[in-house]
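Colleague: Could you take a close look at one loop for me, going through it residue by residue, and then work outwards from it to the strands on either side and to other parts of the chain that help to place it? I would rather have one connected account than a list.

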Amino acid sequence: MIKNEEFVARRTRLLNSLDSNAVAIIPAAAEITRSRDTEFPFRQDSDFFYLTGFKEPDAVLVLHKDKVGNGRTILFCRNKDKLAEIWHGRRVGFEKAKTQFDMDETYALTDLDDELLALVNGCATLYFGQGTYPIFDDKVWSLLSTLRGAPKKGYKAPETIKDIRPLVHEMRLFKSESEIAVMRKAAQISAQAHVRAMQFAKPEATEYQLEAEIHHHYAMNGARYPAYGTIVGSGNNANILHYTENSDALKSGDLILIDSGCELEGYAADITRTFPVSGQFSAAQTEIYNLVLKAQLAAFEEVKPGGTLVKANKQVVRVLTEGLIELGILSGTVDELVEAQACKAFYMHGVGHWLGLDVHDVGEYKLDEADRPFEAGMVLTIEPGLYFDEDAEVPAQYKGIGVRIEDDLLITQNGHENLTVDVPKSIAEIEALMQKA
């Protein structure tokens with residue numbers, strides 16, 4: 001669990017990076033209506049959570065830095081309301097929030113308009129993430145309009161508006177020891193769930209039953225929700241990259257592609273494994289699977305300080321291209337086909353992405369227009385794949401096969417740590433596990 005001291009340190013670090021005489025406004029997420037008078041389960045805005053640890057909707061964090069560099073943190077949140085809490089759950093309230101979350105000042109949300117006017121008035125710079133929440137954008141633009149329109153009242157709007165997100169996202173890219181501990185646990189829970197799915201799978205079971213097995217394991221181990229929509233694609237469904245219908249029955253002889261990870265204390269895991277319904281790979285499935293696995297292991301060699309995602313992807317493209325030529329799926333020279341990115345007809349996505357509070361986490365992939373080198377503390381996925389739809393122009397034995405293999409890697413000082421190593425990945429390991437089940 002991440003302690004309150006770390007949230008305070010994050011806010012202090014962000015305050016220190018702001019210009020003097022500046023104010024930053026970071027809103028929380030709002031509840032989203034599911035249908036009529038019911039809402040989706042609330043999930044806090046990742047940037048807001050990163051800076052506060054506060055889990056209630058509609059709150060607002062303000063960081064204020066005066067002309068001499070003194071900073072203060074102000075939280076606006078829903079006030080205590082006995083009737084509302086009877087119906088919808090307990091609230092922290094602004095008075096308790098001050099000590100519980102170690103804020104300099106806290107106010108009821110009903111005071112936001114007046115207090116925000118005073119906080120922003122006279123500041124030279126406003127930091128704000130425009131476009132995330134359009135309704136809150138309107139509030140900020142209305143505030144600025146008021147400040148600009150009443151100079152006789154002593155109002156003065158900021159002359160400069162800057163996006164707060166790049167500052168926060170650069171911080172989020174590098175994980176602390178506390179964050180790594182949470183992510184390591186999320187990866188372990190998710191790995192165990194994938195093992196459970198392999199053991200449960202059998203002909204005539206359904207994709208959604210495997211999904212249920214996975215989600216049950218998450219919840220029973222402290223991770224109430226998946227980090228994203230779980231993908232359970234059997235047979236040709238595996239060739240739909242973001243297939244989430246999960247409605248078909250499993251058929252003997254097919255492969256199953258499962259892409260799923262839990263969310264634990266806000267942090268995501270993201271694992272993909274592909275395995276046979278019947279517990280044994282066919283000859284054609286073995287050829288494709290081993291080629292994808294070989295490509296992933298080649299990419300792993302670049303996951304170290306100084307490596308880049310582009311270098312990792314180049315390894316994947318070359319290995320896949322060489323293998324597809326050997327299988328008679330591509331024809332030509334390796335160098336020409338690599339240059340033409342010919343394998344992209346069957347490998348349509350990138351090799352991986354940052355991982356953290358969001359499954360596709362924040363952080364720049366380039367610095368000064370150059371590929372960003374890996375540094376210790378970054379966490380990313382490596383997930384090559386090959387997809388041969390039933391209509392693909394490939395030899396008949398490969399039609400309908402889709403394979404993706406994905407792991408979560410932490411960059412260390414000397415290389416990387418595979419956080420999701422507990423899920424079997426070799427054909428021998430997968431077959432042995434399924435046959436034992």
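Modeller: S247 is partly exposed, because its relative accessible area of 39% falls between the 20% below which a residue is called buried and the 50% above which it is called exposed. What follows rests on a predicted model, and the values are to be read with that in mind. S247 belongs to the loop that connects β10 with β11. Its C-alpha atom is 5.8 Å from that of Y208, although 39 residues separate S247 and Y208 along the sequence.

T244 is another residue of the loop between β10 and β11. With a relative accessible area of 45%, T244 is also placed in the partly exposed class, since this value too lies between the two limits of 20% and 50%. For T244 the comparison through space can be made with Q280, which is 36 residues away in sequence and 25 Å away from C-alpha to C-alpha. Set beside one another, the two pairs show a separation of 5.8 Å for S247 and Y208 and one of 25 Å for T244 and Q280.

The strands that flank the loop pair with each other: β10 and β11, the latter covering residues 255–260, run antiparallel and are joined by four bridges. One of the residues that fixes the register is S234, whose bridge partner in β11 is I256. Both strands are part of an open, three-stranded sheet with antiparallel pairing, in which the order is β10-β11-β14. The edges of this sheet are formed by β10, residues 231–234, and β14, residues 271–276, each of which has a pairing partner on one side only. On average, and with direction ignored, neighbouring strands in this sheet are turned by 10 degrees relative to one another.

A further open sheet of three strands, again antiparallel in its pairing, has the order β9-β12-β13. Here the edge strands, pairing on one side only, are β9 at residues 225–226 and β13 at residues 267–268. The link between β9 and β12, which spans residues 262–264, consists of two bridges in the antiparallel sense, and within it Y225 has E263 of β12 as its bridge partner.

Helix α8 offers a contrast in accessibility to the loop residues. S190 is located in α8, which covers residues 177–200, and S190 counts as buried because its relative accessibility is 0%. A polar atom of the S190 side chain lies 2.8 Å from the backbone oxygen of A186. The loop between α8 and α9, where α9 covers residues 207–220, contains E204. E204 is not a glycine, yet its phi is positive, at about 80 degrees. E204 is classed as exposed because its relative accessibility reaches 62%.

D58 can be set beside E204, for D58 likewise has a positive phi without being a glycine, in this case near 70 degrees. D58 sits in the loop that leads from α2, residues 46–52, to β4, residues 60–65, and its relative accessible area of 34% makes D58 partly exposed.

Two further regions complete the comparison. Strand β5, residues 71–77, runs parallel to β6 and is joined to it by four bridges; within this pairing, I74 has E105 of β6 as its bridge partner. Strand β6, residues 105–108, shows T106 and A108 on a covered face, whereas E105 and Y107 lie on an uncovered one. In helix α3, residues 82–88, one finds I86, which is classed as exposed because its relative accessibility is 61%. Together with L83 and W87, I86 makes up a nonpolar surface patch whose accessible area comes to about 430 Å² in total.

As for the setting of all these parts, the chain has 437 residues, of which 52% count as buried. Its secondary structure amounts to 13 helices and 21 strands, and its C-alpha trace extends over about 80 × 50 × 40 Å along the principal axes. To return to the loop you asked about, S247 and T244 are both partly exposed, at 39% and 45% respectively.

Conventions. Residues numbered from 1 in each chain as written. Heavy atoms only, no water. Buried < 20%, exposed > 50% of the residue type's maximum accessible area, 1.4 Å probe, protein only. Pairing = 2+ DSSP bridges. Axes fitted to C-alpha atoms, helices over the stretch in contact; angles between N-to-C directions. Patch = residues over 30% accessible without salt bridge, like charges linked within 9 Å, V, L, I, M, F, W, Y side chains within 5 Å. Areas by Shrake-Rupley, 256 points an atom, 1.4 Å probe, with all protein chains shown as cover. Salt bridge = Lys/Arg side-chain N within 4 Å of Asp/Glu carboxyl O. Polar contact = N/O pair within 3.5 Å; in protein donor to acceptor, adjacent residues only side chain to side chain.
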